Amino acid sequence: MTDEKEITLDRRRVVARILRERGDALLVTGLGSTTWDAAAAGDHDHNFYVWGAMGGATLLGLGLALAQPQRRVLVVTGDGEMLMGLGGLATIAVQHPRNLSVIVIDNESYAETGMQATHTRHGVDLAGMGAAAGFAQSITVLKDGELERSLPIIYQSAGPVLVVIKVTTTAAPTVLPPRDGTYIKNRFRQAVLGSEVFK
Ligand SMILES: Cc1ncc(C[n+]2csc(CCOP(=O)(O)OP(=O)(O)O)c2C)c(N)n1
Ligand SMILES: [Mg+2]
């Protein structure tokens with residue numbers, strides 16, 4: 001269990017800081033708040049917003065990482081979403097994509113549905129689970145300095161990488177990206193595949 005007093009990082013600042021370094025990385029976001037965080041940092045044609053399918057973001061990222069091995073793939077998702085798809089950690093570790101980094105924005109809550117406590121509030125250690133599954137790197141970030149040190153791990157370390165970032169429960173305004181699934185898919189495919197998209 002994390003002492004509430006130790007958590008000071010703001011999710012919007014964290015996600016914006018990470019995405020500032022994104023270069024040509026591809027981004028998958030989980031349902032709800034992490035999608036708003038990415039939209040607040042700036043909509044991008046390399047963003048694939050998973051508007052639903054709770055528990056599926058990391059495995060979508062795995063498929064993308066395997067299909068696009070030359071690109072860095074980031075998944076930015078919530079602790080509740082990650083807890084719903086825990087088996088994905090084992091599958092990712094076994095597939096061992098060197099280009100996949102999973103970032104969990106861990107507010108120890110289901111913010112989207114009213115800030116109910118998740119299991120991480122009760123001590124479940126997602127980074128420990130990633131390490132036990134066999135992730136190449138699996139760390140928890142609590143402070144600004146640790147966030148800065150995690151950036152080269154997120155973008156350059158051989159994956160799979162899991163970075164669990166503890167953030168406050170401070171409410172952030174909802175910022176909506178496009179939500180037409182067909183539009184998001186087509187835009188993303190065009191941006192990633194270019195002229196290959198029609199083959
Ligand atoms: C299968 C399923 N169960 C429940 C929900 C309702 N739901 C939507 S967002 C959410 C909370 C997500 O929590 P988390 O991933 O921690 O994101 P946060 O908003 O806290 O950043 C829940 C329970 C859903 N969309 N799908
Ligand atoms: Mg949460």
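In this predicted model, an oxygen atom of ligand 1 lies 2.9 Å from a side-chain N or O atom of Asp79. Two further contacts of this kind involve Ser33, through its side chain, and Ala111, through its backbone. The table sets out the three distances.

| Residue | Part of the residue (N or O atom) | Distance to an oxygen atom of ligand 1 |
|---|---|---|
| Ser33 | side chain | 2.6 Å |
| Asp79 | side chain | 2.9 Å |
| Ala111 | backbone | 2.9 Å |

On its own, ligand 1 has 590 Å² of accessible area, and the protein covers 72% of that area. Around the ligand stand 15 residues, with Ser33, Asp79, Gly80, Glu81 and Ser109 coming nearest. By type, this shell comprises five nonpolar, six polar and four charged residues. Helix H4 (79-84) and strand E5 (109-110) each provide at least two of the shell residues, and H4 contributes the most, with four.

Ligand 1 occupies the space of the largest pocket, whose volume is about 270 Å³. Its lining consists of 18 residues, and Leu31, Met54, Tyr110, Ala111 and Glu112 are nearest the centre. Nine of the lining residues are polar, five nonpolar and four charged. H4 supplies the largest share of this lining, three residues; helix H2 (33-41) and strand E3 (73-78) are among the elements that each supply at least two.

The second largest pocket holds about 160 Å³ of space. It is lined by 15 residues, and those closest to its centre are Arg11, Ser33, Ala111, Ala171 and Ala172. Here H2 gives the most to the lining, with three residues, while helix H1 (11-20) also supplies at least two.

Methods:
Residues numbered from 1 in each chain as written. Chains lettered and ligands numbered in written order. Predicted model: local features only at pLDDT ≥ 70, side-chain atom pairs only at ≥ 80, totals over all residues. Heavy atoms only, no water. Near = heavy atom within 4 Å. Polar contact = N/O pair within 3.5 Å; in protein donor to acceptor, adjacent residues only side chain to side chain. Areas by Shrake-Rupley, 256 points an atom, 1.4 Å probe, with all protein chains shown as cover. 1 Å grid on protein atoms, 1.4 Å probe; cavity = no way out; pocket = protein on both sides within 12 Å on 5 of 7 lines; lining within 4 Å. Sits in = over half its atoms within 2 Å of the grid points. Nonpolar A, V, L, I, M, F, W, Y, C, P; charged D, E, K, R; others polar. Points joined across faces, edges and corners; volume = space filled by probe spheres on them.
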